[in-house]
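Here is a short report on one protein chain. Look over the sequence and the fold first, then read on.

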Amino acid sequence: MWRLEGGFLPPGLLAIRPPRVVVYADGWAIVDAARTLRLAKADLNKLLAALDRDMSGQPATATPRPGAPVVMDAPTTVLGVRTAGGKREVRIPALDETRGSYAKALYDARDRFDRLARRITAKGQNYVSRRVRLVAEQTTLRGGKARPWPKGVPEPRAAGSPVRTRDLSGKAAMAAIRLIPRDADQRGGWRVFRARSGASLAVSWRYLLPDE
């Protein structure tokens, strides 16, 4: 597993960001909750063995070498692997922004995931699910007109935050997929809907992963 935590992004994008790469025991690997490919058993075993070796002996949170640059607002990279020997997970602040500041094995592990992600993006198929995560961020509409809230889509509940999330399945998920346009890369173009409460909400969604 390779995911990012935090970083300088709008709260809505942080809430909707999926893990970068997840690989399951049956060989299915998923990138950005958008592309998927089933790895051959030999390839899966080779990847797990290499990642286990890379992360063996690493602390739960890695510490950069003395004198490493401090990068504000950079995300924390989380790398994880589960084998017969147990689960290993390492959190590495600003890994991508400070190349050479951590143990080489951590960059090796990150690069293995990156090569796999590029392979799946190029050779895999679109990932779809009947379960989605709906994310809505309160906004002030300037010009234009908010669309009516889509029929059949439950409204995410407000919880003292400008960002609301709700996981949907079955008919509710299908309604969200059908009625809420989105940009595949999640970087912009969120549509604004008028909630039943009267609030203007910028809304998007992504497919949930099997273990979410």
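## A buried arginine in helix α3

Arg-110 is buried: its relative accessibility is 15%, and the cut-off for burial is under 20%. The residue sits in helix α3, which runs over residues 104-123. The model is a predicted one.

What does the side chain of Arg-110 pair with? It makes a polar contact of 2.8 Å with the side chain of Asp-96. Beyond the neighbours within four places in sequence, Arg-110 is in contact with Trp-2, Leu-79, Leu-95 and Asp-96.

## Phe-113 in the same helix

Phe-113 is also found in helix α3. Its relative accessibility is 1%, so it counts as buried. Its contacts, leaving aside neighbours within four places in sequence, are Met-1, Trp-2, Val-21, Leu-51, Leu-79 and Gly-80. Trp-2 and Leu-79 are on this list, and they are on the list for Arg-110 too.

Arg-53 gives a distance check. Phe-113 and Arg-53 are 60 residues apart in sequence. Their C-alpha atoms are 14 Å apart in space.

## A second arginine

Arg-206 belongs to strand β12, residues 200-207. Is this arginine buried or exposed? It is buried, with a relative accessible area of 4%. Its side chain makes a polar contact with the side chain of Glu-212, at 2.8 Å.

## Two buried alanines

Ala-29 lies in strand β3, which covers residues 28-31. Its relative accessible area is 0%, and it is therefore buried. Not counting residues up to four places away in sequence, Ala-29 touches Val-22, Val-23, Arg-35, Thr-36, Leu-37, Leu-39 and Ile-120. Trp-149 is 120 residues from Ala-29 along the chain, and the two C-alpha atoms are separated by 34 Å.

Ala-173 is found in helix α4, residues 170-179. This alanine counts as buried at 0% relative accessibility. Leaving aside neighbours within four places in sequence, Ala-173 is in contact with Arg-130, Arg-131, Val-132 and Leu-168. Pro-69 lies 104 residues away along the chain, with 44 Å between its C-alpha atom and that of Ala-173.

## Positive phi outside glycine

Two residues deserve a look at the backbone. Asp-73 is not a glycine, yet its phi is positive, at about 65°. It is found in the loop between α2 and β5. Its relative accessible area is 51%, so it is exposed; the cut-off for that class is over 50%.

Ala-94 also has a positive phi without being a glycine, with a value near 50°. Where does Ala-94 lie? It is in the loop between β6 and α3. Asp-73 is exposed, whereas Ala-94 counts as buried, at 8% relative accessibility.

## The second largest pocket

The second largest pocket holds about 550 Å³ of space. Its lining has 20 residues. Met-1, Val-22, Val-23, Arg-82 and Asp-211 lie nearest its centre. Four elements are named as giving two or more residues to the lining: β2 (21-23), α2 (41-55), β5 (76-83) and β6 (86-93).

Which element supplies the largest share of the lining? It is α2, with four residues. By type, the lining divides into 13 nonpolar residues, one polar and six charged. Some names recur from earlier sections. Val-22 and Val-23 lie among the residues nearest the pocket centre, and both touch Ala-29. Met-1 is another of the residues nearest the centre, and Met-1 is in contact with Phe-113.

## The whole chain

The protein has four helices and 12 strands. Its C-alpha atoms fill a box of roughly 55 × 40 × 30 Å along the principal axes. Of the 212 residues, 42% are buried.

Contacts with a separation of 6 or more can be split by distance along the sequence. Residues 24 or more positions apart account for 66% of them. The protein exposes about 11600 Å² of surface, and carbon and sulfur atoms supply 52% of that area.

Definitions and conventions: Residues are numbered from 1 along each chain as its sequence is written. This is a predicted model: local features need pLDDT of at least 70, side-chain atom pairs count only at pLDDT 80 or more; totals for chains, interfaces and linings use all residues. Side-chain values use heavy atoms; hydrogens and water are left out. On a 1 Å grid over the protein atoms alone, a cavity is a set of points where a 1.4 Å probe fits but cannot get out, and a pocket is an open set with protein on both sides within 12 Å along at least five of seven lines; lining residues have an atom within 4 Å of a point. Grid points are joined across faces, edges and corners, and a volume is the space filled by probe spheres set on the points. Ala, Val, Leu, Ile, Met, Phe, Trp, Tyr, Cys and Pro count as nonpolar, Asp, Glu, Lys and Arg as charged, and the others, Gly among them, as polar. Buried means under 20% relative accessible area, exposed over 50%, partly exposed in between (1.4 Å probe, protein chains only). Contact means heavy atoms within 4.5 Å. Accessible areas come from the Shrake-Rupley method with a 1.4 Å probe; for residues, only the protein chains shown count as cover. A polar contact is a pair of N or O atoms within 3.5 Å; within protein, one must be able to donate a hydrogen and the other to accept it, and residues adjacent in sequence count only if both atoms are side-chain atoms.
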